[in-house]
Amino acid sequence: MMSEQMYNNRSGDPSEKLRNLKITSLDEEEDEDGDAPMVDDVYDDEEEEEEDKEPISLGFVEKPKHSWSLSRELFPSLAGGAPAWLDPINLPAGRSCHCDFCGQPLQFLLQVYAPLLHKESTFHRTLFVFICPSMSCLLKDQHDQWKKQPEKASRSVKVFRCQLPRFNSFYSSEPPRHDGSDRPSRNGAVLCSWCGTWRGDKVCGSCRRVHYCSEKHQTAHWRSGHKTECQRSSIAPVASASTSTSLSAETQKVASNHLWPQFEIVNEDECEAHKSENDGLDKSLISQNQMDEVKSLLDTFEVDGDKRTWASFQERISRDPEQVLRYYRLAKTKPLWPMSSGRPSKMDIPRCSYCGGSPACEFQVLPQLLYYFGVENNADSLDWATIVVYTCEASCQDSIVYKEEFAWVQLSSQSATTMR
Ligand SMILES: [Zn+2]
Ligand SMILES: [Zn+2]
Ligand SMILES: [Zn+2]
Ligand SMILES: [Zn+2]
């Protein structure tokens, strides 16, 4: 059994942040293999384990307590807004930052701080998930995720893994104090003034004060008001030419109003969360009526595999209806699939493209996150049933700082959407 240090505990106690969590597998009783005929070697069926012993860790969103709560030197887990890059200099670049279908820069979805303390190289370790907010891109992504090497899959969902040893040039080797006085050891790269996400390597040619990751974001900023600001600031004397090196450049306000609202992700064990959270009922995304429906559906013998899997998925989720993330690190852990069809087989999850090692299921993102993001529930709105993130089991070290990992996306099938 491996012990993992994970992201911030829900209690908010900073000392809790460093507590060791044991993360083990979740047993999936409803593993009806007969329902997915084309899935021969489904990942979940690898190992028969006895009943649940260890709880898995659930992620919940909370409004950050302080303006500095989600700063990168505090190693946060967070969703929405702009990422808190772990290595703030050697950011992903080029094709990695864009949706392979529409070419737009990807939008930041969430990051999970998940260090592995048994290795020096993974003392700090954060996984970052980006997605194109266009549902039509995600529908295309669905087709491409089945592609196998050497075919090049086009994706609208991308995952990066970044890790640092305890002694590094960006942060103190001592744990943060969480009192607002923590500072990073050095500045990060200049980021895009529009999205605050990607490197701002391009500069506005006329005022030379704002930076962009892409022409698309330059255009977006220009149209949304920089056109007037730019003229004003090019008339005014330039106060300081050092904006690109000051720390304020890093923390400057992001101009885009299209980013999702930012939340801290805090964690709680699955059963613990269930016992202590009675208030969750009011904010439940699934009404009692719907739950009764789900339960009666479970009892019905003549439902198809997807409906039955969906019902048991909903039943499991409804124990902690506010969860947005389920964290599993150990290789033998099974994700909770909403649908029995469209699950990947072992062959569908590529090996690590850096070390060739086997992949491990690390966590899954639930659609509840979209509810907190205020994404509408229209036909064209972004929606998924689950996003399962697989990472290199060995969490290998490589000269590439942000290593691309793999996400499997399952969309809600027609049968499932009618139940929402
Ligand atoms: Zn796209
Ligand atoms: Zn940008
Ligand atoms: Zn300008
Ligand atoms: Zn690897």
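**Asking why: a barrel and its loops**

Tutor: Let's start with Ser395, which sits in the loop between strand 13 (386-392) and strand 14. Keep in mind that this is a predicted model.

Student: Okay, why does Ser395 count as buried?

Tutor: Count its neighbours. Ser395 has 24 C-beta neighbours inside 10 Å. The cut-off for buried is 20 or more, so with 24 Ser395 counts as buried.

Student: And what makes the phi of Ser395 worth a look?

Tutor: Its sign! Ser395 has a positive phi of about 50°, although it is not a glycine. Most residues other than glycine have a negative phi.

Student: Which other residue has a positive phi without being glycine?

Tutor: Arg208, with phi near 55°. Arg208 is in a loop too, between strand 8 (202-203) and strand 9 (211-212).

Student: Why is Arg208 called partly exposed?

Tutor: Arg208 has 15 other C-beta atoms within 10 Å. Buried needs 20 or more and exposed needs 12 or fewer, so 15 lands in between and Arg208 is partly exposed.

Student: What about Thr122: why is Thr122 partly exposed?

Tutor: Thr122 has 19 C-beta neighbours inside 10 Å. Buried starts at 20, so Thr122 stays in the partly exposed group. You'll find Thr122 in the loop between strand 5 (107-113) and strand 6.

Student: Which residues does Thr122 touch, not counting residues up to four places away in sequence?

Tutor: Pro115, Leu116, Gln163 and Ser395. So you've met Ser395 again: it is in contact with Thr122, given that C-beta atoms within 7 Å make a contact. Also, the C-alpha atoms of Thr122 and Leu164 are separated by 5.8 Å, though these residues are 42 apart along the chain.

Student: Leu164 is in strand 7, right? What makes strand 7 mostly covered?

Tutor: Right, Leu164 belongs to strand 7. Eight of the eight residues of strand 7 (157-164) are buried. One side has Val157, Val159, Arg161 and Gln163, and the other has Lys158, Phe160, Cys162 and Leu164. Both faces are covered.

Student: How do you know that strand 6 and strand 7 pair?

Tutor: Eight bridges join strand 6 (124-131) to strand 7. Pairing takes at least two, so these antiparallel strands qualify. One bridge partner pair is Arg125 and Gln163.

Student: And what makes strand 7 and strand 14 a pair?

Tutor: Three bridges, again antiparallel. At least two are needed, so three will do. Val159 stands opposite Glu405 of strand 14 here.

Student: How many strands close into the barrel, and in what order?

Tutor: 10 strands, in the order 3-10-4-5-6-7-14-13-12-11, with antiparallel pairing. Further round, six bridges link strand 12 (359-365) with strand 13, and Val365 has Ile387 as its bridge partner.

Student: One more: why is Cys132 called buried?

Tutor: Cys132 has 25 other C-beta atoms within 10 Å. The mark is 20 or more, so Cys132 is buried. Cys132 lies in the loop between strand 6 and helix 1 (135-144), and its contacts include Cys99, Cys102 and Cys137.

Key: Residues numbered from 1 in each chain as written. Chains lettered and ligands numbered in written order. Predicted model: local features only at pLDDT ≥ 70, side-chain atom pairs only at ≥ 80, totals over all residues. Helix = DSSP H or I, 4+ residues; strand = E, 2+ residues; numbered from the N terminus. Contact = placed C-beta atoms within 7 Å.
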